[in-house]
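Here are some notes from going through this one, point by point. Have the viewer open while you read.

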Amino acid sequence: MSDKKPTPEELFSTIDYKASEKDWSKPHIKFKVGTYNHSGVPKNVEYLELPNARKWQPSDDDWQLPDNWKEIIIDGIKERLDKFRSLKIFMDICVRCGACSDKCHFFIGSGDPKNMPVVRAELLRSIYRNDFTTAGKILGRIAGARELTLDVLKEWFYYFYQCTQCRRCSLFCPYGIDTAEITILVRELLNLVGVNIDWVITPVANSFRTGNHLGIQPHGFADSIEFAVDELEELTGVKVEAPINRKGAEVLFVSPSADYFGTPHYYTLLGYLALFHEVGLDYTWSTFASEGGNFGSFVSHDLMKSLNMKIYAEAKRLGVKWIIGGECGHMWRVLHQYMDTINGPADFLEVPVSPITGTKFDFAKSTKMIHICEFTADLIKNNKIKLDKSRNDHWKITFHDSCNPARAMGLIDEPRFIINSTCNNFYEMPENTIKEQTFCCGSGAGLGTEENLEMRLRGGLPRANAVNFVHEKHGVNLLACICAIDKATLPPLMEYWVPGVEVAGVHEFVGNALIMKGENERKVDLRGEPIGEPEPELEEKQ
Amino acid sequence: MNILISAAALLILILLVIVGIEAAGLEYFFGVFIPYMAVVIFLSGIIFKLIGWARSPVPFRIPTIAGQQKSLGWIKSSKLDSPATILGVVGRMVLEVLLFRSLFRNTKYETKPGQKLVYGSAKFLWIAALIFHWSFLIIILRHLRYISEPIPSLVPLLQNLDGFFQVGVPELFITNILIVVSLAFLFMRRTADPKNRYLSLTADYFPLLLILAIAITGIMMRYFTKVDIAGIKTFAMGLVSFKPVVPESINVIFYIHLFLVSSLLVYFSFSKLLHMVGVFLSPTRNLSNNNRSVRHVNPWDKPVRIHTYEEYEDEFRDKMKAAGLPLEKE
């Protein structure tokens, strides 16, 4: 994709599932522009005190690794085998039945056989066999073992940064082998010798220092929120409060930072602000914990912990009782499956109880953090907010389950309930592409860069294709989701594969439909576009 | 290549027995020593592996969720696919182990003209895997009649069910046909599809061929090359009572069968066959989705480098003050 972007037809026609290459065990990577990410900039690698900061690029022949890099990697594998039963089990029991092979969006979109999850894992498993199993030590290649070489390492870099940790393969595996777990651990290994990508390293460094991955400093954060408050007033006539770093609030609200700096995330932010005001929630934002998203989880368990720690620390400092988290994907993987373990116990907080409905969120009694969709669904169910669905009538909506809320949490019906309560036109995509079987946007886990665009368009193909199905069948013109990476990366994906479909967060519909006390008559939605009537071009389509 | 190596390995195993029995007269070696050794390696291998797995902790609770979580009371949660309780996990595991539930989900997709991807159900792998594993289990249980006296009542029951159609003398066991057909299918699907051929290793073909050879030699003994069943029973009883005797009358094909079974036992804990035990320990399946209500403890948890609020405020104090944000220290 260096000079001219291929048309969708051209790109599609290059996908070949025939596995023309016969033997995966001989590594050879061509770093084709458009299919890989740039390396981490030395300044930020150093700032994070990670090893081997230097100027290099994946396409270089010489990666300037430490002399004993092999030893470091093999020792690293050993350490992780001792720390993670998952790794041991996943290395030992795969039968290569192939059930996972065509479940990966990168395989479907690229046809590259090493993107079959089973083979991706074999890239590590072959080294494991060679150095850690009896059969591999005795039989070598016959047992599927191979020696760790620089080419193998390059292959790891290429393919473990072509995995978005979406866990769709794990769903279909008869033993639940989880490629995300393997990917996280291989990325840890690569980082031991200073092999990483910038769109992970720099966001992590930013999050570490400023509290959010965009590097927005506290005054910038306050400006954005103030700006949003003003804009909301312009749109609705209602002036809302949006307290920041306020001690003694009942609730701390943490959302992905793109919500206050990106579009279309921004309209979701307006939705949150309107909702919290309308129900009179006693809450605060935090500049220190101004990022729910956790880029650390794309590098290592340590950095995940290091960044996640800010949420509980800030909850404690501000003296809140419990926490609500905004719309984000991998953020919720960390919050739901890791936070309590890595930074808990949150014994200084209280079991979340909605001050509006009185509902006790027992399912979060240990973590003390709930998802905004859980909060809002409860409000709607208890008739605590007035909604005018017709204000979303200009949208024909479908819902993309974000990988992690679906497969790490099981947050499936809550967002659908909210959409159905705030919108009249909702259409599901085909069942093999939604809910627990949802397809990734193709850009998660740090892969959402410009330089990796071809691979992202390939990886996003299955999702785009399912959207296209409802676009053609029902005239769907809006793809709803609850993930910041989705909101950033689905728009270019739609523009490429399914032009005419916009992207929005679920709380944007809430903000549109919400009847606020003292509001002006709403003529426009939160995007400033006229409400209540479908766009003319789409009417023709039906 | 992978297939050739597997076939060659199998052939060598078979030739070893034939030469050993027919030429060298090593009946005691192949009939007594090897089976004992195989059982010892099999059991100790599994125990060794289990201890190895168990020694590594499960630092995080990472189930793969396949259904609605238990959250708000009025939303129906999926008790098996998103189990919030131990009972749910047990149910999920039972269905996984006995009925291969995840494999049942399997889909296939096709590309259609006009850049379209279409997904459909794909149950053949699931059906073949289920038939193979259950046939194998029933066949193994049927073999109890050779090593027990009196024979447990389960065995005749299984035999009656298995020989339900009462075709031929001795009556035909359905599982005998099913295991061969399913193994043949599982072998063919690896070779027929370019994807599967690409991902298959020698270690995938070899056990299929080995078990196929075991099945075929067993079938030959039952239906074609008649063997001295009474003699085999005496021999088998001798083995299990640790008073081994090697009768004269046993055909070489029995030794081949026995040696291949022994090979399978030895091979077991050095290979992917460990999935039989490992599946129970898979943390994406055997943990409950109660992460936010019950804290999971990581035994090796350690402090990491952090950036504290104080350090943060120190760096940005002036800017925060100018923006009117509250401060800890003025």
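Helices here are DSSP runs of H or I with at least four residues, strands are runs of E with at least two, and both are numbered from the N terminus. With that in hand, B:Ile86 sits in helix H3 of chain B. Keep in mind throughout that this is a predicted model.

1. Let's start with the greasy surface on chain B. B:Ile86, B:Val90, B:Val94, B:Leu98, B:Leu99, B:Trp134 and B:Leu137 make up a nonpolar surface patch, with about 610 Å² of accessible area together. Helix H3 (86–99) and helix H5 (124–142) of chain B are the elements that give two or more residues to this patch. H3(B) supplies the largest share, five residues. B:Ile86 has a relative accessible area of 64%, so this residue counts as exposed.

2. Next, a patch of positive charge on the surface. The lysines gathered there are A:Lys360, A:Lys365, B:Lys70, B:Lys76 and B:Lys79, so have both chains in view. A:Lys360 belongs to the loop between helix H16 (339–343) and strand S4 (369–371) of chain A. Its relative accessibility is 48%, and A:Lys360 therefore counts as partly exposed.

3. What does A:Glu291 have around it, being buried yet without a salt bridge? The nearest side chain of opposite charge, A:Lys310, is 10 Å away. A salt bridge here needs a side-chain nitrogen of Lys or Arg within 4 Å of a carboxyl oxygen of Asp or Glu. There are polar partners, though: the side chains of A:Glu291 and A:His213 are joined by a polar contact of 2.5 Å. In addition, a polar atom of the A:Glu291 side chain lies 3.1 Å from the backbone nitrogen of A:Gly293. For orientation, A:Glu291 is in the loop between strand S2 (283–284) and helix H14 (301–318) of chain A.

4. A:Lys310 deserves a look of its own. This lysine is in helix H14 of chain A. A:Lys310 is also buried with no salt bridge, and the nearest side chain of opposite charge is B:Glu311, 8.2 Å away. A polar atom of the A:Lys310 side chain does lie 2.7 Å from the backbone oxygen of A:Phe208.

5. On to the salt bridges. Side chains of opposite charge can pair when their charged atoms come close. The count over all chains comes to 52 salt bridges. One of them joins A:Arg246 and A:Asp282, at 2.5 Å from N to O. A:Arg246 is in the loop between helix H12 (218–236) and S1 of chain A, and A:Asp282 is in the loop between H13 and S2 of chain A, so the pair ties together parts that are 36 residues apart in sequence. A:Arg246 is partly exposed, at 32% relative accessible area, and A:Asp282 is partly exposed at 29%.

6. A pair within one helix: B:Glu313 and B:Arg317 form a salt bridge, with their closest N and O atoms 3.2 Å apart. The two residues lie in helix H13 (residues 309–322) of chain B, four residues apart, about one turn of the helix. Both B:Glu313 and B:Arg317 are buried. Elsewhere, A:Arg96, A:Glu122, A:Arg125, A:Arg129, B:Arg190, B:Asp204 and B:Lys272 are joined into one network by salt bridges that share partners.

7. Some backbone details to check. Which peptide bonds are cis? The bond between A:Thr263 and A:Pro264 is cis, with omega about 5 degrees, and A:Pro264 is in the loop between strand S1 (251–254) and helix H13 (265–279) of chain A. The bond from B:Glu149 to B:Pro150 is cis as well, with omega near 0 degrees; B:Pro150 lies in the loop between H5 and helix H6 (154–162) of chain B.

8. Positive phi values come up too. A:Asn383 is not a glycine, yet its phi is positive at about 55 degrees. A:Asn383 is in the loop between helix H17 (372–381) and strand S5 (397–399) of chain A, and is exposed at 67% relative accessible area. B:Gln115, again not a glycine, has a positive phi of about 50 degrees. B:Gln115 is in the loop between strand S1 (107–112) and strand S2 (116–121) of chain B.

Note on methods
Residues are numbered from 1 along each chain as its sequence is written. Chains are lettered from A and ligands numbered from 1 in the order in which they are written. This is a predicted model: local features need pLDDT of at least 70, side-chain atom pairs count only at pLDDT 80 or more; totals for chains, interfaces and linings use all residues. Side-chain values use heavy atoms; hydrogens and water are left out. Patches are made of residues with over 30% relative accessible area and no salt bridge: like charges are joined within 9 Å, nonpolar side chains (Val, Leu, Ile, Met, Phe, Trp, Tyr) within 5 Å. Accessible areas come from the Shrake-Rupley method with a 1.4 Å probe; for residues, only the protein chains shown count as cover. Lys and Arg count as positive and Asp and Glu as negative; His and the chain ends are not counted. The place of a charge is taken as NZ of Lys, CZ of Arg, CG of Asp or CD of Glu. Buried means under 20% relative accessible area, exposed over 50%, partly exposed in between (1.4 Å probe, protein chains only). A polar contact is a pair of N or O atoms within 3.5 Å; within protein, one must be able to donate a hydrogen and the other to accept it, and residues adjacent in sequence count only if both atoms are side-chain atoms.
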